[in-house]
Number of protein chains: 2
Amino acid sequence: MKKISSRFSVATHILVMMALSPPLTGDQMAASVQTNPVVIRRIIGQLKKAGLVNVKAGVGGATLRKDPCNITLLDVYRAVEVVQDNELFSFHEDPNPDCPVGANIERLLRKVMQEAQMAMEERLSQVRLQDLVGQLEIEN
Amino acid sequence: MKKISSRFSVATHILVMMALSPPLTGDQMAASVQTNPVVIRRIIGQLKKAGLVNVKAGVGGATLRKDPCNITLLDVYRAVEVVQDNELFSFHEDPNPDCPVGANIERLLRKVMQEAQMAMEERLSQVRLQDLVGQLEIEN
DNA sequence: AACAGATGTAACTATACTAGTTACAACAAG
DNA sequence: CTTGTTGTAACTAGTATAGTTACATCTGTT
């Protein structure tokens, strides 16, 4: 029932802003997203750790550390650690090894679900930050 | 986030069991999954609601209601409602409409993420319950 | 008719993630 | 030194998960 955290969409939002008009302070980005600045700072921290942005201490201001052509949405998705252990699906532990199904099903399921996850991530990897930036520029 | 609930893998597990040796009681399935029978009954309830299984009241015993060739993992995934509103990704509400990015980013992101979600679901729809059953039968 | 075993739920628990909030130390430029 | 910003810690409310106990209800069997 859960969804993937909005950290991902917020992170993409602020990265697009940085691509368009750097440098930006956390407060400016928070104003565009309309959330608390601390929420933004936490996400910036993750993006920094992933090497996607630079932040000037003291005076403030965040900028992209890579060309927006070289940042994919998969990079962003991974940076904000929206999925634990990079595994989207979870499994019930310790199925009964004495049951022919219990003993073997997990291995089969892991394979299938890994493929499904990869299909999703592959689609994300095909979208570059620049693609979003370009679409916004055309419209304005 | 964390992960997609293990309800999905558990549901698949017990459907495979039902395909191999019906009818099965909740306790038998719980023994194979190694969890509490109520957890199984709740999942069975969702599968029943989705029209995937039949349950005999009183005497007990669950069976598939469709041919395992006609049940895909996407059917199971949808049945157990692991994702709220069928939307895998979530968005931060009310971005600032006065910001050119805030005003337009959500629409772009929704499109991209919907495509990513569809890529994943498409992969799940390509796997039939029978495929898993067949692989288990070969091995035993 | 009574019994035994199964299902269907309600209610409660512990755990964990999310998103927001307040508070404050550290920093850097003017 | 002042000012505005960043980086965190700590706390909150809300919610999903998965497990558990308890119990009413149902049905085939004896």
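Start by selecting Met120(A). Its C-alpha lies 2.4 Å from the rotation axis, closest of the residues of chain A. Keep in mind that this is a predicted model.

**Stop 1: the two copies**

Now show chains A and B together. A rotation of 180° lays chain A over chain B, with 0.0 Å of shift along the axis and an RMSD of 0.1 Å. The two copies are thus related as by a two-fold rotation axis. Next, colour the interface residues of chain A. In chain B, 100% of them are interface residues too, so the copies meet through the same surface.

**Stop 2: helix α2 of chain B**

Select residues 26–33 of chain B, which form helix α2. Which of its residues are buried? Pick Met29(B), Ala30(B), Ser32(B) and Val33(B). They span an arc of only 160° around the axis, which puts them on the same side of α2(B). Helix geometry helps here. An α-helix has 3.6 residues a turn, so residues three or four places apart point the same way.

What covers these buried residues? Add α1 (7–20), α3 (37–49) and β2 (62–64) of chain B to the view. Then add α5 (100–125) of chain A, which is also part of the cover. Step just past the helix to Gln34(B). This residue follows α2(B) and has a positive phi, near 65°.

**Stop 3: DNA strand D**

Switch on DNA strand D and the 26 residues around it. Which of them come nearest? Select Arg41(A), Lys48(A) and Gly58(A) on one chain, then Ser5(B) and Ser6(B) on the other. Of the atoms of strand D within 4 Å of the protein, sugar and phosphate make up 57%.

Colour the surface near strand D by residue type. You will find 8 nonpolar, 11 polar and 7 charged residues. Now turn on the helices. α3 (37–49) of chain A and α3 of chain B each supply at least two residues of this surface. α3(A) gives the most, with 4 residues.

**Stop 4: phosphate contacts**

Zoom in on the phosphate oxygens of DNA strand D. Three residues are worth a click:

- Ser5(B): a side-chain N or O atom is 2.5 Å from a phosphate oxygen of the strand.
- Thr35(B): a polar side-chain atom lies 2.8 Å from a phosphate oxygen of the strand.
- Gly26(A): here a backbone N or O atom lies 3.2 Å from a phosphate oxygen of the strand.

Finish by viewing Ser5(B) once more, since this residue is also among those nearest to strand D.

Notes. Residues are numbered from 1 along each chain as its sequence is written. Chains are lettered from A and ligands numbered from 1 in the order in which they are written. This is a predicted model: local features need pLDDT of at least 70, side-chain atom pairs count only at pLDDT 80 or more; totals for chains, interfaces and linings use all residues. Side-chain values use heavy atoms; hydrogens and water are left out. Buried means under 20% relative accessible area, exposed over 50%, partly exposed in between (1.4 Å probe, protein chains only). The arc is that of the directions from the helix axis to the C-beta atoms. Contact means heavy atoms within 4.5 Å. A residue is near a molecule or strand if one of its heavy atoms lies within 4 Å of it. A polar contact is a pair of N or O atoms within 3.5 Å; within protein, one must be able to donate a hydrogen and the other to accept it, and residues adjacent in sequence count only if both atoms are side-chain atoms. Ala, Val, Leu, Ile, Met, Phe, Trp, Tyr, Cys and Pro count as nonpolar, Asp, Glu, Lys and Arg as charged, and the others, Gly among them, as polar. Copies are superposed by least squares on the C-alpha atoms of residues with pLDDT of at least 70 in both.
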